[in-house]
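Reader: Please take one close look for me at a stretch of this model, beginning with its charged side chains and following whatever they lead to. I work at the bench, so plain words are welcome.

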Amino acid sequence: MDWEQLDVHPQIIAAVNKANLKSVRDILSYSVVDLQRITQLSIGHIHLLQKAVSATLRKNTLVTALQLYREKSTFPSQHQKLSLGCSVLDKLLRGGIPLVGITELAGESSAGKTQIALQLCLSVQYPVEYGGLGAGAVYICTEDAFPSTRLQQLIRLQNKQRAEVPADVIRNIRFGDLIFIEHAADIDTLTDCITKKLPILLRRGHIRLIIIDSIAALFRCEFAASDAVLKAKHLQTLGAKLHQLSSSSITPVFCINQVTDTVKETDSVLTHCGLQDRKVLPALGISWSNQLLMRLMASRTQRSAPPPHTGSILRTMEVMFAPHVPRATCYYTVDLEGVKGIDAEET
């Protein structure tokens, strides 16, 4: 450390340099008596030195939640969100996906999870004034091949899906050029992608969104029930790395998760007849749940959507937990143009 930057008497700085103390750690790891012996300074000067060194470590002062709320201009990343490309769904999430932290979307097959992820890949490329971040996305596939045909269809219909955005703004965005696709067939490949490839793309400013589709697939394949402790450690390590990338680059992480069936036997007669209460829960358990900032649950109903969405099946998005959003549910549909939320009045 450059001791000349400390706000102390030059005599103290000269004594520290003469004692060959090189770092803040050297100062703080010694007791007052040891520092006095090494530097030949008085106890008063030692206290001044420790106070000055400690001040250099306090780069960020603590702020309260009330300060974050009142001083939005001072803490923009705490309030800015990534739009889902639909005003109704954004309203449900109070603006969209938080920029820092892991957001999970869990649900059964055909619930529309991948459709929402693809729409986020396009939404992130819009300018900030239209809910985007002006950058691209990384889409990590762990199961199926990337749905490139569907992506191209969504790109062609962006002028209809995002009718509120001026046409010239949409024309100037080269959507297909800023979606980086990775395939991870095992946990080692996924870890390598997250620890080596993503930091490079983030440093270069190419991306501001990380999508993993899906987070559960690899862990379900590679770990047996008896490997619960080892699986938990891998999940915690993975979550910590994703949090580090998200917070250091102000980049949202969006993970798709599978679900697990749970059956509750409510009545012996019903059980005998094969009738049971069926419920699905997100996979990977509490070890993974503790890594999440927000959990969303998507499901497909058996109902048809009302006009003007006729021909589509109603789906639901439910906020399971989030620090800034109450538990709530919204209907949505998936059509050729993309994912569209439905106001409560329409249903």
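Author: Asp192 is partly exposed, with a relative accessible area of 31% (buried means under 20%, exposed over 50%, partly exposed in between, with a 1.4 Å probe and protein chains only). Its salt-bridge partner is Lys196, with 3.2 Å between N and O (a side-chain nitrogen of Lys or Arg within 4 Å of a carboxyl oxygen of Asp or Glu). Lys196 counts as exposed, since its relative accessibility is 53%. Both residues belong to helix α12, and because they are four residues apart there, about one helical turn separates Asp192 from Lys196.

Before going further, please keep in mind that this is a predicted model, in which local features need pLDDT of at least 70 and side-chain atom pairs pLDDT 80 or more, while totals for chains, interfaces and linings use all residues. Residues are numbered from 1 along each chain as its sequence is written, and side-chain values use heavy atoms, without hydrogens and water.

Right beside Asp192 in the numbering comes Cys193, which is buried at a relative accessible area of 3%. Lys197 also belongs to α12, which runs over residues 187–203. Its side chain meets that of Glu182 in a salt bridge, N to O at 3.2 Å. Glu182 sits in strand β5, so this pair ties together parts that are 15 residues apart in sequence. Each partner is partly exposed: Lys197 has a relative accessible area of 38%, and Glu182 has 24%.

How many salt bridges does the whole structure hold? A search finds nine. Some share partners, and in this way Asp335, Glu337 and Lys340 are joined into one network. Two members of that network, Glu337 and Lys340, are touched by Gln161 (a contact means heavy atoms within 4.5 Å). Leaving aside residues up to four places away in sequence, Gln161 also touches Gly85, Gln119, Gly338 and Val339. Gln161 is part of helix α10, residues 158–161, and it counts as buried because its relative accessible area is 10%.

Next in the numbering is Arg162, another residue of interest to anyone following charges. Its salt bridge goes to Glu164, and the closest N and O atoms are 2.7 Å apart. Arg162 counts as buried, with a relative accessibility of 3%. The charged end of Arg162 also sits over the ring of Tyr126, at 4.4 Å from the ring centre (NZ of Lys or CZ of Arg within 6 Å of the centre and within 35 degrees of the ring normal).

Tyr126 takes us to the aromatic side chains. The structure holds two aromatic pairs (Phe, Tyr or Trp rings, the six-membered one for Trp, with centres within 6.5 Å; planes under 30 degrees apart are stacked, over 60 edge-to-face, the rest tilted). Tyr126 pairs with Phe175: the ring centres are 5.5 Å apart and the planes stand at 55°, so this pair is tilted. Tyr126 lies in the loop between α8 (113–123) and β4 (136–141), whereas Phe175 lies in the loop between α11 (167–171) and β5 (179–183), so the pair ties together parts that are 49 residues apart in sequence. Both Tyr126 and Phe175 are buried. The other pair is Tyr139 with Phe146, whose centres are 5.0 Å apart and whose planes meet at 75°, so it is edge-to-face. Tyr139 is buried at 0% relative accessibility, and Phe146 is buried at 10%.

Just before Tyr126 comes Gln125, in the loop between α8 and β4. Gln125 counts as buried, with a relative accessibility of 6%. Apart from residues up to four places away in sequence, its contacts include Phe175, Arg174, Ile173, Leu178 and Ile179, and also Gly134, Ala135 and Gly136.

You may also wonder about cysteines. How many disulfides are there? The count comes to zero (cysteine sulfur atoms within 2.5 Å). For Cys330, the closest cysteine sulfur is in Cys86, 7.1 Å away and therefore too far for a bond. Cys330 is buried, at 8% relative accessibility.

Finally, a step back to the chain. It has 16 helices and 13 strands (DSSP runs numbered from the N terminus: H or I of at least four residues, E of at least two). Of its 347 residues, 45% count as buried. Among contacts with a separation of 6 or more, 66% come from residues 24 or more positions apart.
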